[in-house]
Amino acid sequence: MATNPNQGGKKLVRSKSGLRMVAANSAFRSPFELEEPPWVPDSECSQCMSCNAKFDFVKRKHHCRRCGKCYCDKCCQHKVALPRLCFLDPVRLCYDCAVITQKENEFYDKQLKVLLHGAAFQLSCPDDMENLSEPCLCKLSADHRFLLFDSAGHAKHSPVELEQVVAIQILTAGEDSQGNIVANGLSIKHKERESGEIRHLQLVISATTDNRKQSLAFVGAVQKGVKFMYEAKESRGL
């Protein structure tokens with residue numbers, strides 16, 4: 001059972017799409033990582049799959065590195081960083097994939113940094129008979145695979161493997177003076193890999209926290225990260 005957040009390493013691989021820095025062991029890959037798509041074979045692509053322009057010696061065909069479809073230069077001219085496929089350099093994308101990727105890159109540029117930095121919460125486990133609450137710093141492991149809990153208390157909570165999260169819900173604490181719902185933490189249900197048991201934990205933002213803004217940003221980032229994880233699992237047929 002691989003539950004050590006520090007396991008694994010990286011290796012450089014070259015595919016026809018470009019250079020990628022990936023996990024040496026696929027079991028330790030980032031849960032946000034998408035599967036590299038197969039390219040539509042040249043033999044099956046006589047025209048651009050967007051504008052239908054015929055390919056010839058002048059109008060050459062190009063493949064989008066994200067969807068693998070075949071386009072002319074005009075329809076596949078965007079060079080965009082694609083961290084979800086671990087490319088080292090910006091790669092050629094079609095228009096639709098470029099738009100999606102640029103939006104996703106906001107997660108890598110901003111929200112992922114919030115997750116890695118961590119935020120303060122009150123941690124409790126409703127399944128436990130005592131259901132004690134204690135302060136902790138929750139953060140994402142460096143390989144993106146685990147939620148880690150740093151607590152000064154005696155009851156250390158084991159890391160939660162992100163790919164074993166089965167349900168996540170934002171906790172609320174009523175409405176503010178403008179009638180907006182106030183987020184107050186996260187409820188996370190996850191499966192224990194060995195036993196298959198569903199466990200439940202809650203991360204609540206303390207009223208006395210020094211940085212409520214950071215904790216709220218962490219809540220939103222976790223929700224976005226779990227969405228990315230489900231997309232990635234679907235791309236791998238899981």
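1. A good place to start is Arg 84, which is found in the loop between strand 5 (78–80) and strand 6 (91–93). Keep in mind as you read that this is a predicted model. Despite its place in a loop, Arg 84 counts as buried, at 1% relative accessibility. Leaving out residues up to four places away in sequence, Arg 84 touches Phe 32, Glu 33, Leu 34, Arg 66, Glu 104, Tyr 108, Phe 228, Glu 231 and Ala 232. Have a look at Phe 228 in that list: Arg 84 lies over the face of its ring, at 4.2 Å from the ring centre.

2. That brings us to the rings. Which residues do ring pairs link into a cluster? They are Phe 32, Phe 107, Tyr 108 and Phe 228. Arg 84 touches Phe 32, Tyr 108 and Phe 228 from this group, among other residues. The structure holds 5 aromatic pairs. In one of them, Phe 107 and Tyr 108 have ring centres 5.5 Å apart and planes at 90 degrees, so the pair is edge-to-face. Anything over 60 degrees gets that label. Both partners are tucked away: Phe 107 is buried with a relative accessible area of 1%, and Tyr 108 is buried at 15%.

3. There's another arginine to look at with a ring in mind. Arg 20 lies over the face of Phe 87, at 5.8 Å from the ring centre. The cut-off for calling a charge "over a ring" is within 6 Å of that centre.

4. Now for the sheet. You'll find an open sheet of 7 strands, in the order 10-9-8-7-13-12-11, with antiparallel pairing. Why is one side of strand 10 (160–161) and of strand 11 (165–175) left without a neighbour in the sheet? Each stands at an edge and has a single partner strand, so there is nothing to pair with on the other side. For strand 10, there is antiparallel pairing with strand 9 (residues 146–151) over 2 bridges. Within that pairing, Leu 147 stands opposite Val 160 in strand 10.

5. Helix 2 (residues 212–235) packs on this sheet. It touches strand 7 (119–124), strand 8 (134–140), strand 9, strand 11 and strand 12 (181–191). The direction of helix 2 makes about 145 degrees with that of strand 11.

6. The largest nonpolar core has 30 residues. Those touching the most other members are Phe 32, Phe 121, Leu 147, Phe 149, Leu 201, Leu 203 and Phe 218. Two of these names have come up already: Phe 32 from the ring cluster and Leu 147 from the strand 9 and strand 10 pairing. Helix 1 (95–117), strand 7, strand 8, strand 9, strand 12, strand 13 (198–204) and helix 2 each give two or more residues to this core. Which element gives the most? Helix 2 does, with 7 residues. As background, nonpolar side chains tend to be buried together in soluble globular proteins.

7. Leu 147 is worth clicking on. Not counting residues up to four places away in sequence, Leu 147 touches Cys 138, Lys 139, Leu 140, Pro 159, Val 160, Leu 162, Ile 188 and Phe 218. Apart from the largest core lies another core, of 22 residues, among them Cys 48, Ala 53, Cys 75 and Cys 76.

8. Over to the strands with the lowest numbers. Strand 1 (residues 10–15) and strand 2 (residues 18–23) pair in the antiparallel sense over 6 bridges. A hairpin joins strand 1 to strand 2 through 2 residues. To trace the pairing, look for Lys 10, whose bridge partner in strand 2 is Ala 23.

9. Two backbone details deserve a check. Asn 52 isn't a glycine, but has a positive phi of about 70 degrees. Asn 52 lies in the loop between strand 2 and strand 3 (62–63). His 144 isn't a glycine either, and has a positive phi of about 70 degrees; its place is in the loop between strand 8 and strand 9. Are these residues buried or exposed, or partly so? Asn 52 counts as partly exposed, at 47% relative accessibility, whereas His 144 is buried at 14%.

10. Last, a spot in strand 8: Glu 134 lies there and counts as buried at 17% relative accessibility, given that buried means under 20%. The C-alpha atoms of Glu 134 and Ala 207 are separated by 13 Å, with the two residues 73 residues apart along the chain.

Conventions: Residues numbered from 1 in each chain as written. Predicted model: local features only at pLDDT ≥ 70, side-chain atom pairs only at ≥ 80, totals over all residues. Heavy atoms only, no water. Phe/Tyr/Trp six-rings, centres within 6.5 Å; stacked < 30°, edge-to-face > 60°. Buried < 20%, exposed > 50% of the residue type's maximum accessible area, 1.4 Å probe, protein only. Lys NZ or Arg CZ within 6 Å of the ring centre and 35° of its normal. Pairing = 2+ DSSP bridges. Helix = DSSP H or I, 4+ residues; strand = E, 2+ residues; numbered from the N terminus. Contact = heavy atoms within 4.5 Å. Axes fitted to C-alpha atoms, helices over the stretch in contact; angles between N-to-C directions. Core = buried A, V, L, I, M, F, W, Y, C linked by side-chain atoms within 4.5 Å.
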